[in-house]
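Got the model open in your viewer? Here is a walk through it, one selection at a time.

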Amino acid sequence: MSSFSELYSHPEKPLELHLKNVKELSWKFLEDIPIEKLPIKKEHIKKLAQIITLSHDIGKSTTFFQDYLLKGEKRGEKETRHSLLSSIIAYYITKNSFSRENIPEDVKIFFPVIAFLTVKRHHGNFSDITIELDLDEEEKNLLKKQIDSIDEEKFEKLIKNLEDPNFQEISKEKLYSILEEVSKDIKILRLNMKRLSKQKSLDYYFLNNLLFSLLIDSDKSEVTIGKPERNLQEIPYIIVDAFKKTIKIEKKPINNLREKAYNEALSKEIDLSQKIYSLNLPTGLGKTFISLAFALKLREKIKKKLNYTPRIIYSLPFLSIIEQNAEVIEKILKDYFGKIDTTILLKHHHLADIYYKIDEKELEPDDAKILIEGWNSEIIITTFVQLFQTLLSNRNSNLRKLHRIFGSIIILDEVQSIPMKYWLLLREIFIGLVEKFNCYIIFSTATQPLIFQKDEMFNLVKGEDYFVQLNRTILIPNLSEVLSLEEFVERINFEPDKSYMFILNTINSAKTFYELLREKTKEDIIFLSSHVTPKERLERIEKIRNKKSRIVISTQLVEAGVDIDLDIVYRDIAPLDSINQSAGRCNRNWEKDIGEVDIFILKDERRKYASYIYDKILLEVTTDLLKKEEKIEEIKFINFIQDYFLEINDRKSHDISKNLLNAVYTLRYSGWTETEDKEQVGIENFKLIEEDYPKIDVFIELDEYAEELWKKYCNLKEIKDIYERRTEFQKIKGDFYKYVISVPTKIENLPPIVNGFGYVSKDNLEDFYSKITGYQAKAEILLW
């Protein structure tokens with residue numbers, strides 16, 4: 001490269017060096033992605049990535065930006081912005097460069113749009129494409145003003161130093177005509193983009209988001225950590241088997257079934273043309289071991305036959321089971337490798353520690369955060385929220401890691417937790433992933449929802465064989481009457497040698513029932529709900545595992561995957577898939593001949609508790625099915641579950657999925673408008689977890705360590721630099737949030753707000769927080 005242009009992207013970093021580094025990094029990331037049935041070849045995507053990355057910060061060439069960066073002079077906030085000017089250049093070069101390429105005409109039209117959108121929004125979030133494709137007179141005047149300010153000599157040297165023939169005709173003078181040409185083009189393009197809805201294709205959505213993901217991840221990574229290297233260490237699937245041999249396994253029926261299921265799944269011959277798998281087994285039969293081992297075996301074969309190494313993304317619905325499964329997987333890896341770092345195993349959710357280690361070196365929080373949020377690891381353990389709101393999002397922070405999903409093996413554990421209203425939407429997204437980017441998906445669950453039909457998936461085990469052999473529980477529907485909590489507690493008779501779990505539908509009903517049951521039994525009772533801090537919840541779950549208490553009262557948070565085992569479970573009526581998950585906490589390890597799951601319908605003075613939180617149709621279908629028999633043995637559960645999903649699939653509307661799919665087809669990233677004939681929703685309206693009311697985070701100062709954490713948090717305000725302050729908070733974030741719960745803003749007894757959090761001090765603990773039942777809300781909110 002000749003001498004630098006003396007234009008800079010960041011302090012002490014020449015602009016052309018940053019642009020070329022980002023280009024190289026995007027190419028490197030793209031190499032990991034297998035491209036299948038897209039309308040264009042990978043070489044064309046690589047060329048487009050080249051133009052986008054080399055263009056994305058060219059707008060920083062203005063004197064306005066350079067003076068702001070190097071001298072701290074800010075003559076106008078709008079004048080220092082660089083993305084719009086960069087996007088105009090990206091559009092023009094893309095259009096000219098691909099006009100000569102032999103690619104479909106629709107793609108030729110759309111490629112410049114991708115370049116324009118991704119560069120324009122690389123520091124922000126996507127909006128509706130028809131809003132994005134616009135240049136008003138104020139923006140055009142601003143762009144002319146920015147072009148006027150460019151140092152012609154420095155700009156000429158910058159373009160020369162890019163060493164790319166696509167850019168060599170660009171000059172300061174040329175930018176004025178480029179602005180006029182692009183301004184005319186995009187007005188016409190706004191009309192053309194309306195045709196997208198007729199094509200009903202995911203191609204443009206995936207292409208746009210892929211290029212955006214490559215750009216923003218390369219950009220952020222290059223600025224902070226340079227060029228991260230992938231650790232392509234082999235992880236043989238036999239490590240799971242080796243770990244199992246280190247565990248003392250008793251000879252008993254359930255362990256024999258676990259071993260049989262493991263061997264059946266791992267003995268399957270892998271056909272790489274089959275990309276959707278089902279692991280449908282009763283709860284407690286070792287799905288974590290099986291799904292991980294099979295994914296590793298599949299990974300080995302893909303590497304050998306297809307010449308690329310997929311990442312494994314292990315996704316679960318709840319934080320409690322993420323911690324549980326992550327601990328198991330970490331033990332397996334450490335048993336084989338001796339020690340591992342974060343390049344091999346990464347745990348990512350919104351409360352995870354900002355911790356990233358390469359070999360023996362722990363990275364600074366800023367660098368660690370970039371690597372974590374970019375999913376720079378071989379095995380990523382994460383939540384459904386993180387996964388699905390990366391696949392369906394308009395947000396910069398979510399879309400950044402999207403390219404790491406393409407070409408991966410995705411394990412969806414407890415997949416029944418996905419709301420049915422999104423089944424159709426996610427089915428189409430999953431099909432797009434496997435067909436266009438060679439993803440492999442493993443559905444792991446005891447209650448297989450009808451996202452795909454049985455014949456569309458390859459079954460790793462013959463699930464029916466295990467359901468009919470496993471008869472640990474009997475389900476007893478008591479649905480002839482609706483009981484108050486007081487009436488319900490009178491029906492319960494405790495046997496001295498049995499353990500009991502009560503699962504209630506609302507936290508308020510659980511708290512009331514706790515008081516009634518404690519009065520009746522005088523025994524120690526473990527209480528679990530989201531009113532209780534995460535720290536105490538984990539401690540209590542461990543106490544249940546160790547048989548330290550025989551009575552547990554909980555909300556639904558114990559249903560999916562939490563490894564606890566009690567003799568008798570009482571459950572307030574719920575949808576059948578939830579009841580089945582509740583039954584998975586009963587006689588889980590088959591240590592007794594038979595466990596008992598009793599279903600009741602409970603109410604307050606107004607209505608049934610179930611009606612506050614569950615869909616009416618789901619409850620109706622469940623009740624109708626359960627009323628068919630007085631007692632249902634576990635061997636029959638699978639038939640009831642299949643009938644349940646078939647019935648609700650027939651009765652439930654798929655309108656929400658259809659509306660969101662239309663938003664995906666038309667790149668309507670934002671918006672929520674209603675017309676006479678239909679509702680227009682934007683992709684941003686996809687929310688896996690719906691919040692019914694606004695909440696605030698409250699820190700509960702439970703103990704001396706919490707007190708110490710709070711002091712550290714409050715001292716952060718003394719740090720003047722916002723980025724340094726954020727970095728210091730990342731160091732304590734994981735432990736800090738173990739003492740945080742979310743509280744509805746509508747309750748009467750909100751604690752004082754201190755430094756952005758509700759704060760309950762040790763001195764005021766009794767006024768706000770019970771060490772047994774958690775936060776003491778005074779409100780008419782029945783759910784929380």
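Contact, on this tour, means heavy atoms within 4.5 Å. Helices (H or I, at least four residues) and strands (E, at least two) are DSSP runs, numbered from the N terminus. What you're looking at is a predicted model, in which local features need pLDDT of at least 70 and side-chain atom pairs count only at pLDDT 80 or more, while totals for chains, interfaces and linings use all residues. Residues are numbered from 1 along each chain as its sequence is written, and side-chain values use heavy atoms, with hydrogens and water left out.

**Stop 1: colour by confidence**

Start with pLDDT, the predictor's confidence in each residue, from 0 to 100. The protein chain averages 91, and 97% of the residues score at least 70. Which elements have the lowest and the highest mean pLDDT? Strand β19 (residues 672-674) is at the bottom with 55, and helix α20 (residues 402-405) is at the top with 98. Now select residues 780-784: pLDDT stays under 50 there, and the model has 28 contacts beyond four places in sequence for this stretch.

**Stop 2: α5 and α10**

Next, show helix α5 (residues 83-98) together with helix α10 (residues 172-192). Their axes are 9 Å apart and the packing angle is about 80°. Axes here are lines fitted to C-alpha atoms, for helices over the stretch in contact, and angles run from 0 to 180 degrees between N-to-C directions. That angle makes α5 roughly perpendicular to α10; the bins are under 35 degrees for roughly parallel, over 145 for roughly antiparallel, 65 to 115 for roughly perpendicular, and oblique for the rest. Turn on side chains: from α5 come Ile88, Ile89, Tyr91, Tyr92 and Lys95, and they meet a set in α10 that includes Leu175, Ile178, Leu179, Val182 and Leu189.

**Stop 3: α12 and α21**

For another crossing, go to α12 (residues 203-224) and helix α21 (residues 423-437). The two pack at about 70°, axes 11 Å apart, and are therefore roughly perpendicular to each other. Asp203, Phe206 and Leu210 are the α12 side of the meeting, with Ile429, Gly432, Leu433, Lys436 and Phe437 on α21.

**Stop 4: the nonpolar cores**

A nonpolar core is a set of buried Ala, Val, Leu, Ile, Met, Phe, Trp, Tyr and Cys residues joined through side-chain atoms within 4.5 Å. Buried means under 20% relative accessible area, exposed over 50%, and partly exposed in between (1.4 Å probe, protein chains only). The largest such core has 158 residues, and those with the most contacts inside it are Phe388, Leu412, Phe430 and Phe443. Helix α12 supplies the largest share of this core, ten residues. Centre on Phe388: beyond its neighbours within four places in sequence, this residue touches Leu412, Ile418, Leu426, Phe430, Phe686 and Leu688. Then jump to a second, separate core of 51 residues, with Leu483, Tyr609, Ala706 and Leu716 among them.

**Stop 5: salt bridges**

A salt bridge is a side-chain nitrogen of Lys or Arg within 4 Å of a carboxyl oxygen of Asp or Glu, and by that rule the count comes to 60. Try Lys120 and Glu132, paired at 3.2 Å, N to O. Lys120 lies in helix α6 (residues 105-120) and Glu132 in helix α7 (residues 129-132), so the pair ties together parts that are twelve residues apart in sequence. Are these two buried or exposed? Lys120 counts as buried at 13% relative accessibility, and so does Glu132 at 1%.

For a longer reach, pick Lys252 and Glu591, at 3.8 Å, N to O. Both sit in loops, Lys252 between α13 (238-244) and α14 (253-266), Glu591 between α26 (576-583) and β17 (595-603), so this bridge joins parts 339 residues apart in sequence.

Lys369 and Glu373 form a bridge at 3.1 Å, N to O; both lie in helix α17 (residues 365-373), four residues apart, about one turn of the helix. Lys369 is partly exposed at 25%, and Glu373 is partly exposed at 27%. Finish here by selecting Asp32, Arg230, Arg299, Arg311 and Glu378, which are linked in a network of salt bridges.

**Stop 6: two single residues**

Lys687 is in the loop between β20 (679-681) and β21 (695-700), and is partly exposed at 35% relative accessibility. Leaving aside neighbours within four places in sequence, Lys687 contacts Gln389 and Tyr422.

Last, find Gln50 in helix α2 (residues 42-55). Gln50 is buried, with a relative accessible area of 14%; setting aside neighbours within four places in sequence, Gln50 contacts Lys23, Trp27, Asp164 and Asn166.
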